[in-house]
Amino acid sequence: MSAKIETILGHFCALGARIESPSKVRDYLYRYPELIDLAQYSLDSALQHFGPDLELSLDMYQDPEAHFERLTLYVRQSSYDKNTMKIIKRIRKDYHQLFPCVRGRFLLTTDFRFPG
């Protein structure tokens with residue numbers, strides 16, 4: 001399992017995605033390895049749909065009050081329009097259909113920040 005996690009994290013970095021808090025991301029993937037394929041699918045889909053003017057950031061979202069955490073892939077662009085969320089929602093719908101029974105939490109979203 002370790003090799004598969006390191007391979008996916010290396011692949012993310014090779015494609016220019018940032019991994020915030022790598023140790024937390026790695027630990028979460030060890031607990032929920034079925035998220036590896038879902039995250040890979042989301043990365044590939046985001047790159048395909050959004051094109052080169054894109055920054056992707058993989059991070060752990062943690063809500064200390066609700067004791068809630070999830071692996072989150074953020075899409076960041078230099079400009080946003082009404083299609084940004086439509087595309088993200090389409091990718092989400094696809095991954096919910098392709099990966100219906102995964103344990104752990106994952107979300108593809110945007111925080112409307114700019115790359116950099």
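# Salt bridges, sheet and core

Visitor: What makes Arg18 and Glu20 a salt bridge?

Guide: Their side chains meet at 3.0 Å, N to O. The cut-off is within 4 Å, between a side-chain nitrogen of Lys or Arg and a carboxyl oxygen of Asp or Glu. The pair therefore meets the rule. Keep in mind that the model is predicted.

Visitor: Is Arg18 buried, exposed or in between, and how do you know?

Guide: Arg18 has a relative accessible area of 33%. Buried means under 20% and exposed over 50%. Arg18 is therefore called partly exposed. Glu20, at 24%, is also placed in the partly exposed class.

Visitor: How many salt bridges are there by this rule?

Guide: The count comes to 9. Some are linked in a network, made up of Arg18, Glu20, Glu55, Arg76, Asp111 and Arg113.

Visitor: What makes Arg76 and Asp111 a salt bridge?

Guide: The closest approach is 2.6 Å, N to O. That is within 4 Å, so the pair qualifies. Arg76 lies in strand S3 and Asp111 in the segment after S4, so the bridge ties together parts 35 residues apart in sequence.

Visitor: Why is Arg76 called buried?

Guide: Its relative accessible area is 7%. The limit for buried is under 20%, so Arg76 falls on the buried side. Asp111, at 24%, counts as partly exposed.

Visitor: What links Glu34 with Arg103?

Guide: A salt bridge, with the closest N and O atoms 3.2 Å apart. The pair links distant parts of the chain, 69 residues apart. Glu34 is in the loop between H2 and H3, and Arg103 in the loop between H4 and S4. Glu34 is partly exposed at 26%. Arg103 is partly exposed at 48%.

Visitor: Arg92 has no salt bridge; how do you know?

Guide: The nearest side chain of opposite charge, Asp111, is 11 Å away. A salt bridge needs N and O within 4 Å, so Arg92 has none. Yet Arg92 is buried. This residue sits in helix H4.

Visitor: What joins the side chains of Arg92 and Thr109?

Guide: A polar contact of 3.5 Å. The cut-off is within 3.5 Å, so the pair counts. Arg92 also touches Met85, Leu107 and Leu108, leaving out residues up to four places away in sequence.

Visitor: What makes S2 and S3 paired strands?

Guide: They are joined by 9 bridges and run antiparallel. Pairing takes at least two bridges, so S2 and S3 pass. Within them, Met60 stands opposite Leu71. Their hairpin has 4 residues between the strands, and His67 takes a positive phi near 50 degrees there.

Visitor: How do you know that S1 and S2 pair?

Guide: There are 2 bridges between them, in the parallel sense. The minimum is two, so this pairing counts too. Arg18 has Ser57 as its bridge partner in S2.

Visitor: Why is the pairing of the 4-strand sheet called mixed, and what is the order?

Guide: The open sheet runs S1-S2-S3-S4. S1 and S2 are parallel, while S2 and S3 are antiparallel. The sheet's pairing is mixed. S1 and S4 stand at the edges with a single partner strand each, so one side of each has no neighbour in the sheet.

Visitor: What makes up the largest nonpolar core?

Guide: It has 31 residues. Phe12, Leu29, Leu58 and Phe106 have the most contacts inside it. H1, H2, H3, S2, S3, H4 and S4 each supply at least two residues. H3 gives the largest share, 7 residues.

Visitor: Which residues does Leu29 touch?

Guide: Ile5, Ile8, Leu9, Leu35, Ile36 and Leu71, not counting residues up to four places away in sequence.

Visitor: Why is Leu71 called buried?

Guide: Its relative accessible area is 0%. Buried means under 20%, so the label follows. Leu71 is in strand S3. Its contacts beyond four places in sequence include Val25, Tyr28, Leu58 and Phe106.

Visitor: Is Ser42 buried or exposed?

Guide: Buried, at 0%. Ser42 lies in helix H3. Outside its neighbours within four places, Ser42 is in contact with Leu73, Tyr95 and Phe106.

Visitor: What is the phi of Ser21?

Guide: Positive, about 50 degrees, although Ser21 is not a glycine. Ser21 is found in the loop between S1 and H2. Phe112, in the segment after S4, has a positive phi of about 60 degrees and is not a glycine either.

How values were computed:
Residues are numbered from 1 along each chain as its sequence is written. This is a predicted model: local features need pLDDT of at least 70, side-chain atom pairs count only at pLDDT 80 or more; totals for chains, interfaces and linings use all residues. Side-chain values use heavy atoms; hydrogens and water are left out. A nonpolar core is a set of buried Ala, Val, Leu, Ile, Met, Phe, Trp, Tyr and Cys residues joined through side-chain atoms within 4.5 Å. Buried means under 20% relative accessible area, exposed over 50%, partly exposed in between (1.4 Å probe, protein chains only). Contact means heavy atoms within 4.5 Å. Lys and Arg count as positive and Asp and Glu as negative; His and the chain ends are not counted. A polar contact is a pair of N or O atoms within 3.5 Å; within protein, one must be able to donate a hydrogen and the other to accept it, and residues adjacent in sequence count only if both atoms are side-chain atoms.
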